[in-house]
Structure formats: C-alpha cells, structure tokens
There are 2 protein chains.
Amino acid sequence: MSEQNFDVLKLENQICFPLYACSRQIIRKYHKYLEELNLTYTQYIAMMVFWEVKKINVKELGSRLYLDSGTLTPLLKSLEEKGYVRRYRSKEDERVLLVEITSSGKALREQALSVPEKMKGCTKLTKEEAVTLHQLLYKILSE
Amino acid sequence: MSEQNFDVLKLENQICFPLYACSRQIIRKYHKYLEELNLTYTQYIAMMVFWEVKKINVKELGSRLYLDSGTLTPLLKSLEEKGYVRRYRSKEDERVLLVEITSSGKALREQALSVPEKMKGCTKLTKEEAVTLHQLLYKILSE
DNA sequence: TATAATTAAATTGTACTCAATCGAATTGAG
DNA sequence: CTCAATTCGATTGAGTACAATTTAATTATA
C-alpha cells in the first residue's frame, strides 16, 4: 500500500538535468575560443543578435535571448565598455533603451567566424541527430 | 569570391543556445515548487544524489553533477545549514570531505515527491520525444 | 485633465558557475 | 626516506541568472 516510488526523483530520470549539464558543458568548451574575442558566452549570443538586427531595445533583446533586464543591463554596459555597442534612450519613449552595434562590433563578426569553425564537431552527434535535437528544444521553448 | 557566409553566427542555427535557454526555462518553472522546500534547483539535484547514495565526497558529487568545488563548497555549506547534510573530513585521507545525508534530509524526500508530480507535463513533448531527447543529451554528455 | 494603471529599465539581493589559484595532505620517484 | 608532483577542497573574482522592487515615463480612464 504505502509503497512509494522514488524513481521520479532519480537524477537519471530527469529531463532538465541533462539539459542543464549539456548547456554548461558546451559553454565551457566555448570559453577558450571566446576569450580570444574577449567575450563571454552570454555576450557572444547577444552579439549574434546585434550582427543580425543592428539596433534593438532591451525588452526585445531579452525576449530573443530569454533573459531579463537584471541580466542584460550589466551585460550591455560591459559590451558598451568594450566598444561593441552604443546605448541611448529612445526619443519617442524615454523608458526605452536602444542598443546599437558600433563599427567595432560589426568588425568583430569576421573574427567571430572562427568560433563556430573551431566548435565544429564539439558534439559527436550526427547531422540528423543535431536536427532532431534542435527541433525538440524549440518545441520546448515554444510553450 | 570574398563572400563570407555568416549563417553559422545566426542564433537560430546554434545548438548550444536552445539548450541553454531550455534549461533555464525549465529551471524557472521548478523555482516556485522548489521554494516550498526551501531548495534551489542546484540544491535539489544535489539532494537527488544524497537520496540515492547517502554518503559521497565532493569530487565524486561534482563528477555526477558536472560541477566543481567552487560551486559545490558554498552549496553544501548551505545544505548543511538547512540541516539536510553533514560534512566532515575523511579519517583515511584528510583531503577528502565526506558529505552525508541527515534524517531531516531523508525526510525531505517524501515532500520532494510532489515536485516531479507538479512538473509533469511542463514540456509538451510526447513520451517518445522525451526519450529521444534524453538519449541525445546523454550522448553529448558522454564525450 | 488629474490620477490610476501600465510599462521599460535599473537596482538589489541571493545564489550560482567556473577559471585560476592556494594550502594542506598524500603519493611517488630516486 | 625525502622532496617533488599530485590531489582534494576551499577561496577568489568576474560574470551571470532571476525574483522582487523601484523609478521614471507613458497611457488609459473617470
């Protein structure tokens, strides 16, 4: 009767734990290539957005990266100090902070091309497995 | 000629970014259930290990959780303050710190059963998709 | 049109995360 | 045996994460 099944509390039966462990494992691998660019991983994915859109506000950047202002405010100040972005208030709505990539930030893009190159094969997944993983992850994120 | 393909630097083409975003999204969902137990997510997965093995040293715990002493030392001190574990040096090798679950920590297991229950269906993956994801993630971790 | 409600960032406080370094204990080569 | 190398955990410092709160600006409503 009062037998309790604790299997649901086993590490090996979790879905979040390997997600969490995997993301940290890969981010650790990024570290040695990104430090050549003087970027952290979070700064790197933020730069990916700037390379695409050139200009964006904090809220919209946060919704793309799934990060809030508590994380982004210091991160964007740091990118500004490095000279990769410029921050300024919107004239139309003073609450909104616009962040725009600088020429220096744009120039970094060429250098950054070496990163995916070096990270190639960082996981031993086949192309098909990587596609499957990608789809499953975005299915989770789409909720 | 000198056309460069920057697609490899697009956020949508990354594998690590959705891993990172997914794990944080799910951990955020855990938060409201775990705070009823006065545990953070990292403390929760550490407790999962203690519920299984009762006693373990820091290095072995770190290899199971993919975390190092810089993360675990303060985390274990915090769990000790809450009364869930006891920390002491090994008599055989004074370098080794053993961490053992207390009766209070064992009692927490029953309460914790509600967490996977509440998290059930936190992702809308089918059972098959969840199994596939699990396999792919452990393939990455096994490198 | 006052003012209440909402919104956007910034701030605060707690807790990771991890590279790098340190100090103490143990082990191993000569 | 002995000193150098290794190992274990703790510490340090920089950078996130994020819930909760605050401040300032804007919008909506009575």
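Which classes make up the surface near DNA strand C, and how many residues does each class hold? The exercises below take up this question and several others.

**Conventions.** The model is predicted, and local features need pLDDT of at least 70, side-chain atom pairs count only at pLDDT 80 or more, and totals for chains, interfaces and linings use all residues. Residues are numbered from 1 along each chain as its sequence is written, chains are lettered from A and ligands numbered from 1 in the order in which they are written, and side-chain values use heavy atoms, with hydrogens and water left out.

**Exercise 1.** Describe the surface near DNA strand C by class, by element and by atom pair.

*Solution.* Begin with the criterion: a residue is near a strand if one of its heavy atoms lies within 4 Å of it. The classes are then nonpolar (Ala, Val, Leu, Ile, Met, Phe, Trp, Tyr, Cys and Pro), charged (Asp, Glu, Lys and Arg) and polar (the others, Gly among them). By this division, the surface near DNA strand C holds 7 nonpolar, 10 polar and 12 charged residues.

Next, find the residues that come nearest: of the 29 around DNA strand C, these are A:Tyr20, A:Arg28, A:Ser69, A:Thr73 and B:Thr40. On the DNA side, sugar and phosphate account for 78% of the atoms of strand C that come within 4 Å of the protein.

Then assign elements, where helices (H or I, at least four residues) and strands (E, at least two) are DSSP runs numbered from the N terminus. At least two residues each are supplied by helix H1 (16-34), helix H3 (58-65), helix H4 (69-81) and strand S2 (85-89) of chain A, together with H2 and helix H4 (69-81) of chain B.

Finally, look at polar contacts (pairs of N or O atoms within 3.5 Å; within protein, one must be able to donate a hydrogen and the other to accept it, and residues adjacent in sequence count only if both atoms are side-chain atoms). A polar side-chain atom of A:Arg28 lies 2.5 Å from a phosphate oxygen of DNA strand C, and a polar side-chain atom of B:Thr40 lies 2.7 Å from a phosphate oxygen of that strand. For A:Lys59, a backbone N or O atom lies 2.8 Å from a phosphate oxygen of DNA strand C.

**Exercise 2.** Carry out the analysis for DNA strand D, and state which part of the DNA B:Arg95 approaches.

*Solution.* Of the 29 residues around DNA strand D, A:Thr40, B:Tyr20, B:Arg28, B:Lys59 and B:Thr73 come nearest. Sugar and phosphate account for 80% of the atoms of strand D that come within 4 Å of the protein. The surface near DNA strand D divides into 7 nonpolar, 10 polar and 12 charged residues.

Turning to atom pairs, an N or O atom in the side chain of B:Thr73 is 2.3 Å from a phosphate oxygen of DNA strand D, while a backbone N or O atom of A:Glu94 lies 3.1 Å from a phosphate oxygen of this strand. In the case of B:Arg95, an N or O atom of the side chain is 3.0 Å from a base oxygen of DNA strand D.

**Exercise 3.** Characterise the interface of chain B and chain A.

*Solution.* Counting contacts (heavy atoms within 4.5 Å), the interface takes 59 residues from chain B and 59 residues from chain A. The buried area, which is the accessible area (1.4 Å probe) that two parts lose on being put together, summed over both, is about 6,000 Å², and carbon and sulfur atoms give 70% of it.

For salt bridges (a side-chain nitrogen of Lys or Arg within 4 Å of a carboxyl oxygen of Asp or Glu), the count between the chains is 2. A:Lys139 and B:Glu129 meet in a salt bridge, with 2.8 Å from N to O. In addition, 14 residue pairs across the interface are in polar contact, both residues being at pLDDT 80 or more. On the side of chain B that touches chain A, H1(B) gives the largest share, 15 residues, and the residues of that side divide into 36 nonpolar, 10 polar and 13 charged.

**Exercise 4.** Is B:Thr42 buried or exposed, and which residues does B:Thr42 contact?

*Solution.* B:Thr42 is found in helix H2 of chain B. Its relative accessible area is 18%, so B:Thr42 is buried (buried means under 20%, exposed over 50%, partly exposed in between, with a 1.4 Å probe and protein chains only). Leaving aside neighbours within four places in sequence, B:Thr42 is in contact with A:Tyr20, B:Leu67 and B:Leu75, and a polar contact of 3.5 Å joins the side chains of B:Thr42 and A:Tyr20.
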